[in-house]
Amino acid sequence: MRTRRVFSGLAGLGAIALLHCGGGEPEAPAPPDVPTRVDVFLGKDGIRILGAEATKDAEPIPPRGYGTVRGRTLVYEFRATTPRATSAGGSIDDPRFVEADGLDAPRLGPSGVLHLDLPAAEGNLVIRTEDGAEIGHAHVDPAALDSADEIVNLSRDVIGAPRRLAFAGAAARVNFLVVPEGYTQAELPRFHDDAKKIVDGLAHTDGFDRVFYGVNVWMQDIRSKESGISDPEAGVVKDTAFGITFDAMPGIRRAIAPAANVQDASYAALAKIARKVRADAVIVVVNTKEHAGMRVSENVFVSVADTSVLTIGHELGHLLFGLADEYTDNAGPCVKPLDRPRPNVAEALDAIPWADMLTTRTLPTPANAPRETIGAFEGAKACPKGLWRPQVDCKMRSLGAPFCKVCARALETFFRQRGITPR
Ligand SMILES: [Zn+2]
């Protein structure tokens, strides 16, 4: 996610005035030079501050694949209430987009998390759309946040602290968190087995196997009161930790996500838990064997099916590497132009993002070309015509396929940006 940031305010003006006047005046207190990273939850009911910490030793906010949906920018404004403190503002990509099979376009989802670098001062934060409509406002007090961070009270259901499932080292710069949904306390040992299988599978999946040495995977025990998840079609309602249900997108059974009535609480809770380990992706293992999966902002919901690992790989392709689907069928209506530039889909044959990797001059490339050919194959992102993909097949097109070379490069680019060189 990219941030465009503007700092301004009294302290900055004071410093300029001193330069012009020379000595003589008492020096203003130094402006806070260590910004605070503030995590802000955007939900249906406005915004909440999840937590804050000084960024003195923190890495810059790392890039992620899902940002920059065209024309979908939020504006934030922080007004310090401490005298002489700095105010700040800027624009930032809206993190609340849902991408799922069957949707005609990325759609505004129920929630998302913003990571803002703000001055280390007490003040008021307002988030608006580009049109100026307020999404929410909150008071930020960096001094109070560390002690009073129990905004989401999950203490009855969250058991202990996150544990290491695969540990690359304290310096690892990519973190995944695995949490259970629909497992009772008695079933948590089975969750541990399921989580381990999924993570082992991912660690040996094409592409991920070369970078997993640099990934920390954490696991957090969370118990549900009942086993399984809600199934509206069957009239089944379950009391579970995150209220996940089949049919979360009406008419799409395999879309599993928190039910509408618990969305805000569940997504805020997930964001809160993710924050403990600075998770880049939260993998929610859902206790059902039926093939199902969905991604909503930083969360990947996946059932315990034979397809789980493949589904996660595909969803992480969207979440972390910014890849588009390459399907042309069973994926909803064709919508052009693209919502944002994608590494693996071309909108025109004279503007191919992978032009440097082409192995043929035949553009478009016929579908019967050898499978290893990197060209421009017509059909991607639910459009049989007018969009082109790099190879005949890819994990972004068929679950069982490996990433095509262009998508594999996007994976490698992400991990290299995090200091992890593929082995
Ligand atoms: Zn691909």
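E53 is a good place to start: it sits in strand β3, where strands (E, at least two residues) and helices (H or I, at least four) are DSSP runs numbered from the N terminus. Before going further, note that this is a predicted model, in which local features need pLDDT of at least 70, side-chain atom pairs count only at pLDDT 80 or more, and totals for chains, interfaces and linings use all residues. Residues are numbered from 1 along each chain as its sequence is written.

Is E53 buried or exposed? It is partly exposed, because 16 other C-beta atoms lie within 10 Å; a residue is buried with 20 or more such atoms within 10 Å of its own C-beta, exposed with 12 or fewer, and partly exposed in between, with C-beta atoms placed from the backbone. Leaving aside residues up to four places away in sequence, E53 touches T36 and R37, a contact being two C-beta atoms, placed from the backbone, within 7 Å. D39 is 14 residues from E53 in sequence, and their C-alpha atoms are 8.9 Å apart in space.

Now look at the sheet around this strand. It is an open sheet of 3 strands in the order β3-β2-β8, with antiparallel pairing; two strands pair if DSSP finds at least two bridges between them. β3 (46-54) and β8 (112-118) stand at the edges with a single partner strand each, so one side of each has no neighbour in the sheet. From one strand to the next, the twist averages 25 degrees. Strand β2 (residues 36-43) and β8 run antiparallel and are joined by 7 bridges, and R37 stands opposite D117 in β8. Helix α4 (residues 263-276) packs on this sheet, touching β2, β3 and β8, and its direction makes about 160 degrees with that of β2. Here axes are lines fitted to C-alpha atoms, for helices over the stretch in contact, and angles run from 0 to 180 degrees between N-to-C directions.

Another antiparallel pair is found in strands β9 (residues 123-129) and β10 (residues 134-140), joined by 6 bridges. G123 has V140 in β10 as its bridge partner. The two strands form a hairpin with 4 residues between them, and G132 in the turn has a positive phi of about 100 degrees.

Next come two helices. Helix α3 (residues 188-203) has 16 residues and reaches 22 Å from first C-alpha to last, close to the 22 Å expected at 1.5 Å a residue; that expected span is 1.5 Å times one less than the number of residues. Its buried residues are F191, D194, A195, I198, V199 and L202. Seen down the axis of α3, they fall within an arc of 125 degrees, so they line one face of the helix; the arc is that of the directions from the helix axis to the C-beta atoms. The face turned away from the buried side carries the exposed residues P189 and D193. What covers the buried residues of α3 includes β11 (158-166), β12 (174-181), β13 (215-222), β16 (281-286) and α5 (308-321).

Helix α5 is itself mostly covered, with 14 of its 14 residues buried. Just after α5, G322 takes a positive phi of about 70 degrees. In the loop between α5 and β19 (377-380) you will find D325, which counts as buried because it has 23 C-beta neighbours inside 10 Å. The C-alpha atoms of D325 and C394 are separated by 9.4 Å, with their positions 69 residues apart along the chain.

Finally, step back to the whole chain: it has 6 helices and 20 strands, and 42% of its 423 residues count as buried.
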